[in-house]
Amino acid sequence: IYRDLMEPPELLTAEPTALTVQWKAAKDAIKYEVQLKVDDGDEWKTLSSELKGTMLRKKNLEPQTGYTFRVRYRDALEWQEFTAPSPTFSTLSADAKQMTPPELQAADGESITVKWEPVNGAVYEVSLRTEEDDWTPLKTHIQNSVVRKKNLAAGVNYFFRIRPLVDGEEWANGRASAPLQVATLSPLISRLFPGGTLHKNDGSSVSVKALAGKIVAVYCSAHWCPPCRQYTPQLVQFYKQCTDASLPLEVVFVSCDRDIGGFQQYFATMPWLAMPFADPNRDTLLQTLGAQGIPHLVIFHPSGNIVTSQGTSEPLTIDNFRNWTQGRTSRSSPAKPSGCASGGCNSGG
């Protein structure tokens, strides 16, 4: 009979009165049992035998004390053998200084952004690990309390921790974050751009997967439309505010221009992405979005749901962006139609 041989638990975080351990998932596991004993002790104590996940934080331990862990799993038939004991993991001293876990700020299809509470006078060391690999320093002497890690793989759990570097102070490694993953693209967003490719105004292209995990504002506009040319600079300013604050916003320009020259001239003023002008699905998308009058802005939640199809009536503020992330629109701005009824242009020119 096949047996999935488990490795001993590994230390994720040490604290003065707690230890967090993790282990690799067993193929057929239904649940796990984790036991602990004091270093050099003889008695194993069961902490839980009903765990569904592969991580456990044991609290109420003694400072500067060593502990050993072991784990086993149950499959559909029976409990398997315990792993070999882990190495001895020691809690920190009672007066150790330590950061709380960093929190997720944003995730897209290839990156994760985390944030943490700043420490006065500190720069920071940021470390990363996965369930397979040990802690690796990403960056040191970071001055901000936000960091974005790019080039991450889908389906992998990533953990972050922060250590302040302060003159005259000694800080322990911070507590690990919850397991974080890059975002996956909503099928509803993917269907808007069946070509699978979006363009930047420098001529390069990116996969539509770059929209994963983001608020997506689909902007239907044209260079020949005076209200569009008036609205676009406002949207540019808002976009830059969001990107400077590492907020997960992407705008996709869907052109209503009459020719490629008009598209290129107009797109050169925009810092975001665009659907290729020659994409055969462009006219269909304009119809799907109901862009009879322009400028027309449709706001999509990362889930693919439409937050509002009247985006040009929404205040372009950071506070309102946070409303969008919760699937809400501005309460201070009643919805009104875009396009001709609000001083816009007919999208057909």
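Start by selecting Val126 and Lys139: Lys139, in β11, is the bridge partner of Val126. Keep in mind as you click around that this is a predicted model. Now widen the selection to the two strands, β10 and β11, which pair in the antiparallel sense over 4 bridges.

Next, bring in the other neighbour of this region. Strand β10 covers residues 123-130, and it pairs with β13 in the antiparallel sense over 8 bridges. To see one of the rungs, pick Ser127 and look across to Arg161, its bridge partner in β13.

With β10, β11 and β13 shown together, you have an open sheet of 3 strands in the order β11-β10-β13, with antiparallel pairing. Which strands stand at the edges? They are β11 (136-142) and β13. Each has a single partner strand, so one side of each is left without a neighbour in the sheet. Neighbouring strands here are turned by 20° against each other on average, direction ignored. If you show side chains, a general pattern is handy: in a regular strand they alternate between the two faces of the sheet.

Stay with β13 for a moment and select residues 158-165. Is this strand largely enclosed or open to the outside? 6 of its 8 residues are buried, so the rest of the structure largely encloses it.

Now move to another sheet. Select β8, β9 and β12, an open sheet of 3 strands in the order β8-β9-β12, again with antiparallel pairing. Its edge strands are β8 (103-107) and β12 (146-149), and each pairs on one side only. In this sheet, neighbouring strands are turned by 25° against each other on average, direction ignored. Zoom in on β9, residues 112-115, which pairs with β12 in the antiparallel sense over 4 bridges. A good place to centre the view is Ile112, which stands opposite Lys149 in β12.

From there, jump to Thr20, in strand β2 (residues 19-22). Thr20 has a relative accessible area of 8%; because buried means under 20%, it falls in the buried class. What surrounds Thr20? Leaving aside neighbours within four places in sequence, Thr20 is in contact with Glu10, Leu11, Leu12, Thr13, Glu15, Met55, Leu56 and Arg57. Select that set to see the surroundings of the residue.

The next stop is the largest nonpolar core, which has 52 residues. Highlight Phe193, Leu211, Tyr219, Leu235, Phe253, Trp272 and Ile294, the members that touch the most others. Which helix gives the largest share of this core? Helix α2 (residues 226-244) does, with 7 residues. Centre on Phe193 and show what it touches: Leu198, Val208, Leu211, Val218, Val252, Met275 and Leu285, not counting residues up to four places away in sequence.

A second, separate core has 22 residues, including Met99, Val114, Val126 and Leu152. Val126 is where the tour began, bridged to Lys139 in β11.

Finish with the cysteines. Select Cys228, which is buried at a relative accessible area of 0%, then Cys242, also counted as buried, at 0% relative accessibility. Why does Cys242 not form a disulfide? Its sulfur is 19 Å from the closest cysteine sulfur, in Cys220, which is too far for a bond. For the model, the count comes to 0 disulfides.

Key:
Residues are numbered from 1 along each chain as its sequence is written. This is a predicted model: local features need pLDDT of at least 70, side-chain atom pairs count only at pLDDT 80 or more; totals for chains, interfaces and linings use all residues. Side-chain values use heavy atoms; hydrogens and water are left out. Two strands pair if DSSP finds at least two bridges between them. Axes are lines fitted to C-alpha atoms, for helices over the stretch in contact, and angles run from 0 to 180 degrees between N-to-C directions. Buried means under 20% relative accessible area, exposed over 50%, partly exposed in between (1.4 Å probe, protein chains only). Contact means heavy atoms within 4.5 Å. A disulfide is a pair of cysteine sulfur atoms within 2.5 Å. A nonpolar core is a set of buried Ala, Val, Leu, Ile, Met, Phe, Trp, Tyr and Cys residues joined through side-chain atoms within 4.5 Å.
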